[in-house]
Amino acid sequence: MSRATLPKVAAQARRPLATAEEIAEYLGVPIGTVYAWSSRGGGPRLIKVGRHLRARWDDIEAYLDDQTISA
């Protein structure tokens, strides 16, 4: 798909991607756990931006929804 045909997203609809530190803090896990998820799998879907890990907030929320235990 060429750049010219990509759909336009309104600027206010975009949220900054979560950093590895923000992911760890939000989920209450050590930063090493986030990096372990990156290399071994597990956790929310992660994105590599250059050498940095990022995640979409929607993916983090979806991960939490998947982890919910029904009583």
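Okay, one bit of vocabulary before we start: when I say helix, I mean a DSSP run of H or I at least four residues long, and the numbering goes from the N terminus. With that in hand, Asp59 is in helix α3, and we'll come back to that residue at the end. Also, please keep in mind that this is a predicted model.

So, the overview. The protein chain has 3 helices and 3 strands. Reading from the N terminus, the order is β-α-α-β-β-α. There are 71 residues in the chain, and buried ones make up 21% of them. On contact order, for the people who like that sort of thing: take the contacts between residues at least 6 apart in sequence, and 45% of them join residues at least 24 apart.

Let's do the sheet. How are the 3 strands ordered? The order is β1-β3-β2, in an open sheet with antiparallel pairing. β1, residues 18-19, and β2, residues 47-49, each have a single partner strand and stand at the edges, so each has one side without a neighbour in the sheet. As a general reminder, strands in a sheet pair through backbone hydrogen bonds, in a parallel or an antiparallel way.

Now the individual pairings. β2 and β3, the latter being residues 52-55, are joined antiparallel over 3 bridges. Val49 has His52 as its bridge partner in β3, and Lys48 is bridged to Leu53. These two strands make a hairpin with 2 residues between them, and in that turn Gly50 has a positive phi of about 65°. On the other flank, β1 pairs with β3 over 2 bridges, again in the antiparallel sense. There, Thr19 sits opposite Arg54 in β3.

What do the side chains of β3 do? They alternate: Leu53 and Ala55 point to one face and are buried, whereas His52 and Arg54 point to the other face and are not buried. That's the pattern you'd look for, since side chains in a regular strand alternate between the two faces of the sheet.

Next to the sheet, have a look at Leu17, in the segment before β1. Leu17 has a relative accessible area of 35%, so it counts as partly exposed. Leu17 and Ala55 are 38 residues apart in sequence, but their C-alpha atoms are 5.5 Å apart in space. If you skip the neighbours within four places in sequence, the contacts of Leu17 are Glu22, Ile47, Val49, Arg54, Ala55, Arg56 and Trp57.

On to the helices. α1 is residues 20-27 and α2 is residues 31-40; their axes come within 8 Å and cross at roughly 115°. That angle makes α1 roughly perpendicular to α2. The crossing is right-handed. On the α1 side, the contact uses Ala20, Glu21, Ile23, Ala24 and Leu27, and α2 brings Ile31, Val34, Tyr35 and Trp37. Sorted by class, that's 8 nonpolar, no polar and 1 charged residues.

Then there's α1 against α3, residues 57-67. Here the axes are 12 Å apart and the angle is about 30°. Angles under 35 degrees count as roughly parallel, so α1 is roughly parallel to α3. This crossing is right-handed too. From α1 the contact takes Glu22, Ile23, Tyr26 and Leu27, and from α3 it takes Trp57, Ile60, Glu61, Tyr63 and Leu64. The class split for this one is 7 nonpolar, no polar and 2 charged.

Let me zoom in on one member of that contact, Tyr26, which is in helix α1. Is Tyr26 buried or partly exposed? Partly exposed, at 44% relative accessibility. Beyond four places in sequence, Tyr26 touches Trp57, Ile60, Glu61 and Leu64. Its C-alpha is 9.2 Å from that of Ile60, and the two residues are 34 apart along the chain.

And finally, as promised, Asp59 in helix α3. Which side of the cut-off does Asp59 fall on, buried or exposed? Buried means under 20% relative accessible area, and Asp59 comes in at 16%, so it is buried. Leaving out residues up to four places away in sequence, Asp59 touches Pro44 and Arg45.

That's my tour, thanks everyone.

Methods. Residues are numbered from 1 along each chain as its sequence is written. This is a predicted model: local features need pLDDT of at least 70, side-chain atom pairs count only at pLDDT 80 or more; totals for chains, interfaces and linings use all residues. Side-chain values use heavy atoms; hydrogens and water are left out. Axes are lines fitted to C-alpha atoms, for helices over the stretch in contact, and angles run from 0 to 180 degrees between N-to-C directions. Angles under 35 degrees count as roughly parallel, over 145 as roughly antiparallel, 65 to 115 as roughly perpendicular and the rest as oblique. A crossing is left-handed if the near helix is turned anticlockwise from the far one by less than a right angle, and right-handed if clockwise. Contact means heavy atoms within 4.5 Å. Ala, Val, Leu, Ile, Met, Phe, Trp, Tyr, Cys and Pro count as nonpolar, Asp, Glu, Lys and Arg as charged, and the others, Gly among them, as polar. Two strands pair if DSSP finds at least two bridges between them. Buried means under 20% relative accessible area, exposed over 50%, partly exposed in between (1.4 Å probe, protein chains only).
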